[in-house]
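User: I'm new to this structure and would like to understand the words people use for it. Could you take me through them?

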Amino acid sequence: MSVILYVALILATGGERLFELAVSRRNAAAAFARGGTEYGQRHFPWMVALHTGLLLACIAEVVLAHRPFIPGLGWPMLVIALLCQAGRYWIISSLGAQWNTRVIVVPGAGRIARGPYRWAWLPHPNYLLVVVEGIALPLVHTAWVTAIAFTVLNAVLLLGFRIPTEDRALRQLA
């Protein structure tokens, strides 16, 4: 029964991501209509593949490797994963029409300084949530290989490509 509930959680997470992509496409189209310039197009498909792979690997590892639900680990990880989801909505609402899954700079748009973006010590709050969620979501049902693999691959993608690209793009707003 716990496997069925876990698969439902992962599928719900996937459905939520599809909703986010629809919002992102709408916001990206509006940004391009206002003269926005996109950065980092080459690494974007890798991000999509990694995040899709996370959800698929969560299910595959739990089902194929018969990972157990360990309440002392699973319940806290579920709470953390749900808190990350709440944080995602805080980020999306804070960025408003400027939020999307791509890196697009609109001339004259200005940098957002509300919500979690008001803290200079946390320049990329969304990526902090992605890191935490990438550990917590698999560990809800003890998918530890997925948690490790996603964390390593995500670190390479974020630190090697995404964050430097976003930092360069944000300097265009200065």
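Analyst: Happily; here is what some of those words rest on. This is a predicted model, in which local features need pLDDT of at least 70 and side-chain atom pairs count only at pLDDT 80 or more, while totals for chains, interfaces and linings use all residues. Residues are numbered from 1 along each chain as its sequence is written, and side-chain values use heavy atoms, leaving out hydrogens and water.

User: Why is Glu 166 called buried?

Analyst: Buried means under 20% relative accessible area, exposed means over 50%, and partly exposed lies in between (1.4 Å probe, protein chains only). Glu 166 has a relative accessible area of 17%, so it is buried. Its place is in helix H5; helices here are DSSP runs (H or I, at least four residues), numbered from the N terminus.

User: And what makes Val 131 partly exposed?

Analyst: Its relative accessible area is 33%, which falls between the two cut-offs, so Val 131 is partly exposed. Val 131 sits in helix H4. Leaving aside neighbours within four places in sequence, Val 131 is in contact (heavy atoms within 4.5 Å) with Asn 154 and Leu 158.

User: What joins the side chains of Glu 166 and His 124?

Analyst: A polar contact of 3.1 Å joins them. The term asks for a pair of N or O atoms within 3.5 Å; within protein, one must be able to donate a hydrogen and the other to accept it, and residues adjacent in sequence count only if both atoms are side-chain atoms. The 3.1 Å value is within the 3.5 Å limit.

User: How do you know whether H2 is roughly parallel or roughly antiparallel to H4?

Analyst: Their axes come within 10 Å and cross at roughly 15°. Axes are lines fitted to C-alpha atoms, for helices over the stretch in contact, and angles run from 0 to 180 degrees between N-to-C directions. Angles under 35 degrees count as roughly parallel, over 145 as roughly antiparallel, 65 to 115 as roughly perpendicular and the rest as oblique. That makes H2 roughly parallel to H4. Among the residues making this contact are Leu 54 and Cys 58 of H2, and Gly 134 and Leu 137 of H4.

User: What makes a group of residues a nonpolar core?

Analyst: It is a set of buried Ala, Val, Leu, Ile, Met, Phe, Trp, Tyr and Cys residues joined through side-chain atoms within 4.5 Å. The largest here has 20 residues, and those with the most contacts inside it include Tyr 6, Cys 58 and Leu 137. H2 gives the largest share, 6 residues. A second, separate core of 8 residues includes Val 23 and Trp 99.

Definitions and conventions: Helix = DSSP H or I, 4+ residues; strand = E, 2+ residues; numbered from the N terminus.
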